[in-house]
Amino acid sequence: MAFTEVLKLAFWGINETILNVIRKEIDPRRARITLFIDSNPEVQGSMYMGVPVVSPDRFSADDVDHVVIGALSAFEKIKQKLVESGCPEKKIHPFVTPQLPEYCLGDITDANKQLVELIYFEPKPLMEIMMRYEKLYRAYRDIPPLPENGKEWYQKSDLISHACGGVINGRRFMYTNSKEALEYSFEQNFKLIECDVCGLMTGEPVLAHKYMNIYESMEEGYTLLSLAEAIRRISEHPEVSLLLDIKWTDYEEYEKYITYIEQVINQITLNEDEKTRLKSQIIPEVYDEPTIKIAYAYGYEMALTSYRNPDSRILMNTAILCHKYNIKVVLIGANVLLWNKESGISKFLHILTDKNIKIFCYSTDSIKDYQYLKKIGVKGIFTNYLTYEKILEIDRIGML
């Protein structure tokens, strides 16, 4: 097939990863990149594919037919900057890739679909991705921020004791979920305590991350704690909320855990007021829409965690799901946020926080990481070893 016109493109944002995608997606028979633009001084003056990288102030829209923005996390800001510098808006386009729904670029319904057909090797699937993005964005745009009443469970603290706590009698030992760890967290005045739950299919549910951890903890002399006993202890501390990371294999098993929790609450409360109070202290973690529906049907507050959800990076969809079921907290792995801070998922957190959905992350014991996570808008941080006292002390001496 012969092509009579080769369009001249300026491409905003470049690194080796983007370059590899460009080579896979943009057809050089139809479009030739004549200039890369990047605000990073470290890449300005370098060459990619024999094409120079220049700073934004050295770019003129008159020299190209179109500007394609590859730095999608900053699409709207870059677009505004280009328009303010005199670039016609009709020349500005997002770089269309399969990852497009992971971003929130605003309304791109007026994007030049004809250009997609012209410059990409496989335009048809990319057109479908654009349509998917547009549908997703419209649904996301139309949901309001979630309301707060000032007495939400997640407002109790920005520090969550992970696996009931990792310091016992002055010794660090993670993932015990033990009676001693729980008592340590009470002593340290934690208002939010997380525990792992397993074992329902083989007997009474117990607090354990994995079966292996049960034997490790017992070998170390720690006391195995049943889920029922943990709920009883929480009932004696009405100021504390307990997050439950339930280890389930299928939805039937997950529902059995929820009904078991209901039974325990009914057994240890004397009246409806006590039941309502204790139930408000128990926060099951949910993992996808089916588990959400189960916990929602029983009337629990929930925290949506990402580690079992393959679509967790599509945060607009996560926000829509949270709005549908009034979920106000999303749990994200700290390693995901801390890895590659300059270009990691942290740039996308506004997709959730713009809808007043709080971010909790699991887990870190580093003061520097705690500082960074708070800076980028994380509301709650799971920890094994940090305490309020330690953070206040470091804050007092000016290290934070």
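Which residue caps the N-terminal end of helix 14?

This is a predicted model, in which local features need pLDDT of at least 70, side-chain atom pairs count only at pLDDT 80 or more, and totals for chains, interfaces and linings use all residues. Residues are numbered from 1 along each chain as its sequence is written, and side-chain values use heavy atoms, with hydrogens and water left out.

**View 1. The two ends of helix 14 (residues 367-375).** Ser-366 caps the N-terminal end. One of its side-chain oxygens lies 3.3 Å from the backbone nitrogen of Lys-368. This is a polar contact (a pair of N or O atoms within 3.5 Å; within protein, one must be able to donate a hydrogen and the other to accept it, and residues adjacent in sequence count only if both atoms are side-chain atoms). Helices (H or I, at least four residues) and strands (E, at least two) are DSSP runs, numbered from the N terminus. Ile-367, Tyr-370, Tyr-372 and Leu-373 are the buried residues of helix 14. Buried means under 20% relative accessible area, exposed over 50%, and partly exposed in between (1.4 Å probe, protein chains only). Gly-377 follows the helix, with a positive phi near 105 degrees.

**View 2. Strand 1 (residues 7-12) and its partners.** Five of the six residues of strand 1 are buried, so the rest of the structure largely encloses this strand. Strand 2 (residues 31-37) runs parallel to strand 1, joined by six bridges. Strands pair if DSSP finds at least two bridges between them. Ala-10 has Leu-35 of strand 2 as its bridge partner. Strand 5 (residues 66-69) is also parallel to strand 1, through four bridges. Here Phe-11 stands opposite Val-68.

**View 3. A salt bridge between two loops.** Arg-313 and Glu-102 form a salt bridge, with their closest N and O atoms 3.4 Å apart. The term means a side-chain nitrogen of Lys or Arg within 4 Å of a carboxyl oxygen of Asp or Glu. Arg-313 lies in the loop between strand 14 and helix 11, and Glu-102 in the loop between strand 6 and helix 3, so the pair ties together parts 211 residues apart in sequence. Arg-313 is partly exposed, at 39% relative accessibility. The loop of Arg-313 also holds Asn-309. The Asn-309 side chain reaches the backbone nitrogen of Asp-311 at 3.0 Å. Asn-309 counts as buried, at 18% relative accessibility.

**View 4. A salt bridge within helix 7 (residues 227-235).** Glu-229 and Arg-232 meet through their side chains (3.8 Å, N to O). They are three residues apart, so about one helical turn separates them.
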